[in-house]
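Please take a moment to turn the model around on your screen before reading on. The paragraphs below lead from one pair of strands outwards to the whole chain.

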Amino acid sequence: MDQPAVRFRFIDLFAGLGGFHVALRDLGGQGVFAAEWEPTLNTLYEHNFGISPWSDVNELDSDEVIAQMIPDHDVLTAGFPCQPFSKAGEQLGFEHTLQGRLFFKVFDILSVKRPRRFILENVPNILQHRGGQTAATIVAKLEGLGYEVQVHRLSPHQFGIPQVRERAYFVGSLDGLNAFEWPTEFEESTSIASVLHPDAQASRDIPEQTLRAIDMWGDFLSRSPATVKLPWFPIWSMEFRATYPFETTTPPKSWARRRPRELDGFAGSFGFPLERLSIREQRRLIPSHSGRDGDIEFPVWKQKFIRQNREFFLTNRKWIEPWLDKWQPWELPSSFQKFEWNAQGGVRDIDEHVLQVRASGIRAKRPVTAPSLIAMTNTQVPILGANISRTGKRRYMTPEECAELQSLGGIELPESDLQAYKALGNAVNASVVRAIAHPLLADLRPAKKNAAHPQAA
Ligand SMILES: C[S@@+](CC[C@H](N)C(=O)[O-])C[C@H]1O[C@@H](n2cnc3c(N)ncnc32)[C@H](O)[C@@H]1O
């Protein structure tokens, strides 16, 4: 069978699992170069796409090396590493040593190779980073090379895929962007059911303690009277029965002054008395969110959450007290003592929801979208409630199902589940890229000269 004609050639920097490759290949593009330094992903990329990627982009360290090693191409794609700009990281940005400066590598390659188009992807926080200066620098540098540039945020759920994952996309063209329009959103609602595999085999059981915590919060939901509006704020059960001061003074303030007796007469987590205890003993009975040294005064948001939790407890103690006595949440790790009900108005059956164990607590969401995939540890993989899992049991979403959330269903994933989840959490959603690339690359036609290159498939 004849191969379809190649419409354009592209390169895939920081290639990971190849989300950009999948999207651009579908539009008739040919990958001619990729770079990925993580050995497992590097090997897997070759297996999936027939290109052996370059390893460390920093080793493309001069214009000569770039000119020699990177074949001519029409489109450059790059999801440059986002930790330097991510809310979760320290936000050092361009100063994040070499990693923060990887944008400048992209810039160097664009300036030497001058492809007609580019698509860059990053976390949306890059647009706010340093009060917008970081994004302004990026755009100004790219415009300085002659590109017209536009930036827009998009998420897979706007295209019918059940994952909320907003990302910032920078597109650029040497031919101007008059003919380009960002893709319009899909109106239809999404459902997690669309990515579930009926014959999914959970590769790992949910640990006993996690199941107990889910049962505990499930019981909390079913005990709550229908007339009681459940909190929109995070539920911190350790604040139930607690009375320690958090407004005019705080436990860390008393400890800093070596005056533990100031806490006599108050109760710590779950109401445990602080009377006549040493600072060390008191520390164990104060919730971790209120016991950090240096946290002499609590920020307004924290004071508000503590106040709201205590008020909620006091107005609902009739049904919460027996729940506390039955489950004794203080026996569980602190993250299991917290619960986020992101399903306001939804049915109060925990097994109808998608759950995620986070440092901030167990989060329950309606099965409309999955939580945004992050470079997860195994414990953060979304858990499907028994009534929506299709297997009749609570279970983790499989790597294959998470791949569907990234529109990467057709490729092979890393063998280790941990590596697969992590790479999927870093990947770009292929459907979103396709929706952007389709109008952006519509006028690209097959290149006349066909520069052969050892790395091209
Ligand atoms: C945000 S992810 C991009 C994922 C990719 N767009 C995808 O669809 O899977 C960034 C990737 O860049 C890789 N990376 C980070 N620093 C690198 C470097 N100096 N050279 C090559 N690859 C690098 C990481 O291993 C990671 O896979």
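**From a strand pair to the whole chain**

In this predicted model, strand β9 (residues 354–358) and strand β10 (residues 361–365) run antiparallel to each other and are joined over 5 bridges. One of the residue pairs to look for is V357 with I362, since I362 in β10 is the bridge partner of V357. As a general point, the strands of a sheet pair through backbone hydrogen bonds, and this pairing can be either parallel or antiparallel. The two strands belong to an open sheet of 6 strands, whose order is β7-β8-β10-β9-β11-β12 and whose pairing is mixed. At the edges of this sheet lie β7 (235–236) and β12, each of which pairs on one side only.

It is worth staying with I362 for a moment. If its neighbours within four places in sequence are left aside, I362 is in contact with A213, I214, W217, F336, F339, L355 and V357. I362 is also named, together with L13, I119, L424, V433 and I436, among the residues that have the most contacts inside the largest nonpolar core, a set of 107 residues. Helix α13 supplies the largest share of this core, namely 7 residues, and the core draws at least three residues from each of domain 1 and domain 2. In soluble globular proteins, nonpolar side chains tend to be buried together.

Those two domains come from the domain assignment of the protein chain, in which domain 1 covers 8–186 + 426–456 and domain 2 covers 208–397. The C-alpha centres of domain 1 and domain 2 lie 40 Å apart, and where the domains meet, 6 residues of domain 1 are in contact with 6 residues of domain 2. On the domain 1 side of this meeting place, the residues divide into 2 nonpolar, 3 polar and 1 charged.

Turn next to helix α1 (residues 19–26), which is largely enclosed by the rest of the structure, because 6 of its 8 residues are buried. The buried residues of α1 are G19, F20, H21, V22, A23 and L24, and what covers them includes β1 (8–13), β2 (29–35), α2 (39–49), β3 (75–78) and α13 (430–440). After α1 comes G28, a residue whose phi is positive, near 95°.

G19 appears again when we ask which residues come nearest to the ligand. Of the 21 residues around the ligand, the nearest are F14, G16, G19, G79 and A427. The shell around the ligand is made up of 12 nonpolar, 6 polar and 3 charged residues.

For a contrast with the buried residues of α1, consider K393, which is found in the loop between β11 (383–384) and β12 (395–396). K393 counts as partly exposed because it has 13 C-beta neighbours inside 10 Å, whereas a buried residue needs 20 or more. K393 and L277 are 116 residues apart along the chain, and their C-alpha atoms are separated by 45 Å.

Finally, step back to view the protein chain as a whole, which contains 13 helices and 12 strands. Its C-alpha trace spans about 80 × 50 × 40 Å along its principal axes, and 40% of its 457 residues count as buried. Among the contacts in the chain between residues at least 6 apart in sequence, 67% join residues that are at least 24 apart.

Note on methods
Residues numbered from 1 in each chain as written. Predicted model: local features only at pLDDT ≥ 70, side-chain atom pairs only at ≥ 80, totals over all residues. Domains from an automatic or database assignment. Contact = placed C-beta atoms within 7 Å. Nonpolar A, V, L, I, M, F, W, Y, C, P; charged D, E, K, R; others polar. Helix = DSSP H or I, 4+ residues; strand = E, 2+ residues; numbered from the N terminus. Buried ≥ 20, exposed ≤ 12 C-beta atoms within 10 Å, placed from the backbone. Near = placed C-beta within 6 Å. Core = buried A, V, L, I, M, F, W, Y, C linked by C-beta atoms within 7 Å. Pairing = 2+ DSSP bridges.
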